[in-house]
Amino acid sequence: MTSRIRVRARLTRWLLGVLPLLLAFMVGAAPALAADNNWSLSDRAGHRLTAQVFEQPFPEYPSGMRIRFSALDAKTILDHKAELVLSDSMGQEWSLPNRSEEMVPNDGSTVPSGSAQFDLNALMPRPSEALPLHLAVPTSNGALDFNLRPEQVMELHAMGSVQGSSDQA
């Protein structure tokens, strides 16, 4: 009987020692998992882009959320002047200002031809999470057309509540 008590006591001590480490690991990993805002996009013509949603980190530019597209091939040249156009299945349309100049220092460096960045703060009102969303990404040869997956649409919709709560602080 005393051996069972000893085994339980050892198991309890072991669990109490491991539990805080496990919780610390889970809490530490949560922001990294939540910050995974990278998307892969492909159209019917075989064009492939990555998209990343992020907060503008540089104080010399206006703050806010951005979306950056990067071509996965060297032939695709993204437009650094034209706006990104989003539309839903009900006919609502949004034009997001091009912020590609924010990708390089103010020293006159050249913006990478395969990347372009846009201001997500202009996505107002936020699109419905229930409607399909279409992107027209501007390139030197016209727009590339992409349909977002439902989880991507939901992420853009949810940004409104995140933005609103950070504005009130």
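**Figure 1. Ser100 and its surroundings in the loop between β5 and β6.** In this predicted model, Ser100 sits in the loop that runs between β5 (93-96) and β6 (115-119). Is Ser100 buried or exposed? With a relative accessible area of 1%, Ser100 is buried. Setting aside residues up to four places away in sequence, Ser100 touches Asp79, His80, Val111, Ser115, Ala116 and Gln117. Among these, Gln117 is worth remembering for Figure 5, where Gln117 of β6 stands opposite Arg68.

**Figure 2. Leu120 and the residues that surround it.** Leu120 lies in the loop between β6 and β7 (133-139). Like many a residue worth a close-up, Leu120 deserves a look at its cover: its relative accessible area is 1%, so it counts as buried. Which residues does Leu120 contact, once neighbours within four places in sequence are left aside? They are Val53, Met65, Arg66, Ile67, Leu96, Arg126, Leu156 and Met159. Two of these contacts, Val53 and Ile67, are bridge partners of each other. To place Leu120 against another part of the chain, look for Asn98: the two are 22 residues apart in sequence, and their C-alpha atoms are 9.8 Å apart in space.

**Figure 3. Asp119 in a network of salt bridges.** Here we turn to the charged side chains. Arg66, Arg99, Glu102 and Asp119 are linked in a network of salt bridges. Within it, Asp119 forms a salt bridge with Arg66, and the closest N and O atoms are 3.4 Å apart. Why does this pair tie together separate parts of the chain? Asp119 belongs to strand β6 and Arg66 to strand β3 (residues 65-71), so the salt bridge joins parts that are 53 residues apart in sequence. Both Asp119 and Arg66 are buried.

Asp119 also forms a salt bridge with Arg99, with the closest N and O atoms 3.3 Å apart. This pair, too, links distant parts of the chain, since Asp119 is in strand β6 and Arg99 is in the loop between β5 and β6, 20 residues apart. The two residues differ in cover: Asp119 has a relative accessible area of 9% and is buried, whereas Arg99, at 23%, is partly exposed.

**Figure 4. The salt bridge between Arg149 and Glu151.** A search of the whole structure finds four salt bridges, and this view shows one formed by the side chains of Arg149 and Glu151. The N to O distance is 2.7 Å. How accessible is Arg149? Its relative accessible area is 37%, so Arg149 is partly exposed. Glu151 likewise counts as partly exposed, at 45% relative accessibility.

**Figure 5. Strand β3 and its partners in the open sheet.** Four strands form an open sheet in the order β1-β2-β3-β6, with antiparallel pairing. The edge strands are β1 (38-42) and β6, each of which pairs on one side only. From one strand to the next, the twist averages 25°.

Take β3 as your guide through this view. Strand β2 (residues 48-55) and β3 pair in the antiparallel sense over seven bridges. Ala51 has Phe69 as its bridge partner in β3, and Val53 has Ile67. β3 is also joined to β6, by five bridges, and these two strands run antiparallel. On that side, Arg68 stands opposite Gln117 in β6. How many of the seven residues of β3 are buried? Six are, so the strand is mostly covered. When following the side chains here, keep in mind that in a regular strand they alternate between the two faces of the sheet.

**Figure 6. The cis peptide bond before Pro125.** Pro125 is found in the loop between β6 and β7, the loop that also holds Leu120. The peptide bond from Met124 to Pro125 is cis, with omega near -10°.

**Figure 7. The whole chain, for orientation.** To set the close-ups in context, the protein chain has two helices and eight strands, which follow the pattern α-β-β-β-β-β-β-β-β-α along the sequence. Of its 169 residues, 33% are buried. Among contacts with a separation of 6 or more, 55% are between residues 24 or more positions apart. The accessible surface comes to about 10800 Å², and carbon and sulfur atoms account for 59% of it.

Technical notes. Residues numbered from 1 in each chain as written. Predicted model: local features only at pLDDT ≥ 70, side-chain atom pairs only at ≥ 80, totals over all residues. Heavy atoms only, no water. Buried < 20%, exposed > 50% of the residue type's maximum accessible area, 1.4 Å probe, protein only. Contact = heavy atoms within 4.5 Å. Pairing = 2+ DSSP bridges. Areas by Shrake-Rupley, 256 points an atom, 1.4 Å probe, with all protein chains shown as cover. Axes fitted to C-alpha atoms, helices over the stretch in contact; angles between N-to-C directions.
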